[in-house]
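Here is a colleague's note to read beside the structure. Keep the model open and check each point as you go.

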Amino acid sequence: MPLKTRTYLDANATMPLKPGVISAIAATLAETGNASSMHGDGRLARKRVEDARAAVADLLSTNPAYVFFTGGATESNNTVINSFRGKKIFISAIEHPSVLEAAPDAQKIPVTADGVIDMDKLETMLAGQPDLISVMLVNNETGTIQPIAEIVRLVRKISPQTRIHTDAVQALGRIPVDFSALQVDYLSLSAHKFGGPQGIGALVLAPGAKIEKLLRGGGQEKRQRAGTENIAAIAGLGEAARLAVTDMENFQSLAALRDRLEATLEKAEPRLRIFGAGAPRVSNTTQIALPGIQAETQLMALDLAGMSVSSGSACSSGSVKVSHVLEAMQVPESEALGAIRVSLAWNTTQNDIDLFTAAWLEMHGRIKARIAA
Ligand code: PLP
């Protein structure tokens, strides 16, 4: 076994594959067959696809007939938004770019300082009777959980014809998600955020919810998404879905590690900001800022110390941009530019957290000494 030299705390970017998923993918890669072929090899490939569909449906307590595989959540989100082209769309101000950029003309639903949908403002906006509203279940930067069930109740009361989409990418495997109970019309998910492979996801529809397909060609996925199925990736997604059910309790216990991490850092630096801390959050995520110290400076120091974490701000063409999520939460720019995200994975241990806090405290000490000099 190679010595582990890095500490991976960037699970919201991509989650390490689970061993059971690797085995499922490897076993499927060794098989040959197109799921559309009628012969025995084709029928085996079809079985892999349908078993995975049943596992995803099980995870979401829904009917497999309404689960469609895609090339990831970006495609799922684009498919839904594209189906409402030219119509009135409302999205939350903290959506992932795969929703934001797909709907450039959408009206934005504001969030509170803790990064949760502002229900009063949403209620007022709903008088505008949108055709589609899209609100994510869990935010990828802060980990805040959005009150989707409450949002659905409000939408159905004020604007009953509005269709509702939720990007559940950062919720699956982290909190229980019951598609039927949520009563949304569309739900997007991505395998690589809960222990499955990259490049595979799904779109789940409520009975009667229609989509306009993005990819045309073959009749795969009941004519909803053309293209030969990626059987190995689909089998990996299915296994990740099965494991998400059995591993949920373990994943939720990561909150103890995350809370200890936050407490240690706060003790060393009283000015530390923890974004979304006043709202319900998933167990594995913390977005923190060291005011006045750019995230890139922190990331470089932490990377040198072997820590894989990410910044809360997007860096494009050499200029550092404030994260749109923190902007929507009205975080002052000096704090937002210092935001980093630490996201724990299913295999994160206390030792990983100790290594991270030691590296962070070391960096903090150096920065303070430099400022004092
Ligand atoms: N939605 C959210 C909330 C995400 O965090 C991500 C990935 O970063 C996506 C959508 C896109 O998912 P994918 O990588 O499967 O395209």
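The points below take up a helix pair, then two sheets and the helices that pack on them.

1. This is a predicted model. Keep that in mind throughout.

2. Start with two helices. H1 covers residues 19–29, and H8 covers residues 231–252. They pack at an angle of about 150°. Their axes lie 8 Å apart. Angles over 145 degrees count as roughly antiparallel, so H1 is roughly antiparallel to H8. The crossing of H1 past H8 is right-handed.

3. Which residues of H1 and H8 meet? From H1 come Gly20, Val21, Ala24, Ile25, Thr28 and Leu29. From H8 come Ile231, Ala232, Ala235, Gly236, Glu239, Ala240 and Leu243. By type, the residues of this contact are nine nonpolar, three polar and one charged.

4. Now find the open sheet of seven strands. Its order is E2-E8-E7-E6-E5-E3-E4, and the pairing is mixed. Strands E2 (67–70) and E4 (107–109) are the edges, and each pairs on one side only. From one strand to the next, the twist averages 20°.

5. A word on pairing. Strands of a sheet pair through backbone hydrogen bonds, either parallel or antiparallel. How do E2 and E8 run? They run antiparallel, and four bridges join them. E8 spans residues 201–205. Look for Val67, which stands opposite Val204 in E8.

6. Two helices pack on this sheet. H6 (residues 148–158) touches E5 and E6. The direction of H6 makes about 165° with that of E6. H3 (residues 73–82) lies across E2, E3, E5, E6, E7 and E8. Against E7 (186–190), H3 runs at about 160°.

7. Move on to the open sheet of four strands. The order here is E9-E10-E15-E12, with antiparallel pairing. Which strands are at the edges? They are E9 (273–274) and E12 (310–311), and each pairs on one side only.

8. Within this sheet, look at E10 (residues 285–289) and E15 (residues 339–343). Five bridges join these two strands, which run antiparallel. One pair to find is Gln287 and its bridge partner in E15, Arg341.

9. Last, a helix on the four-stranded sheet. H9 (residues 254–268) lies across E9, E10 and E15. How does H9 run relative to E10? The angle is about 15°. Angles under 35 degrees count as roughly parallel, so H9 is roughly parallel to E10.

Methods. Residues are numbered from 1 along each chain as its sequence is written. This is a predicted model: local features need pLDDT of at least 70, side-chain atom pairs count only at pLDDT 80 or more; totals for chains, interfaces and linings use all residues. Side-chain values use heavy atoms; hydrogens and water are left out. Axes are lines fitted to C-alpha atoms, for helices over the stretch in contact, and angles run from 0 to 180 degrees between N-to-C directions. Angles under 35 degrees count as roughly parallel, over 145 as roughly antiparallel, 65 to 115 as roughly perpendicular and the rest as oblique. A crossing is left-handed if the near helix is turned anticlockwise from the far one by less than a right angle, and right-handed if clockwise. Contact means heavy atoms within 4.5 Å. Ala, Val, Leu, Ile, Met, Phe, Trp, Tyr, Cys and Pro count as nonpolar, Asp, Glu, Lys and Arg as charged, and the others, Gly among them, as polar. Two strands pair if DSSP finds at least two bridges between them.
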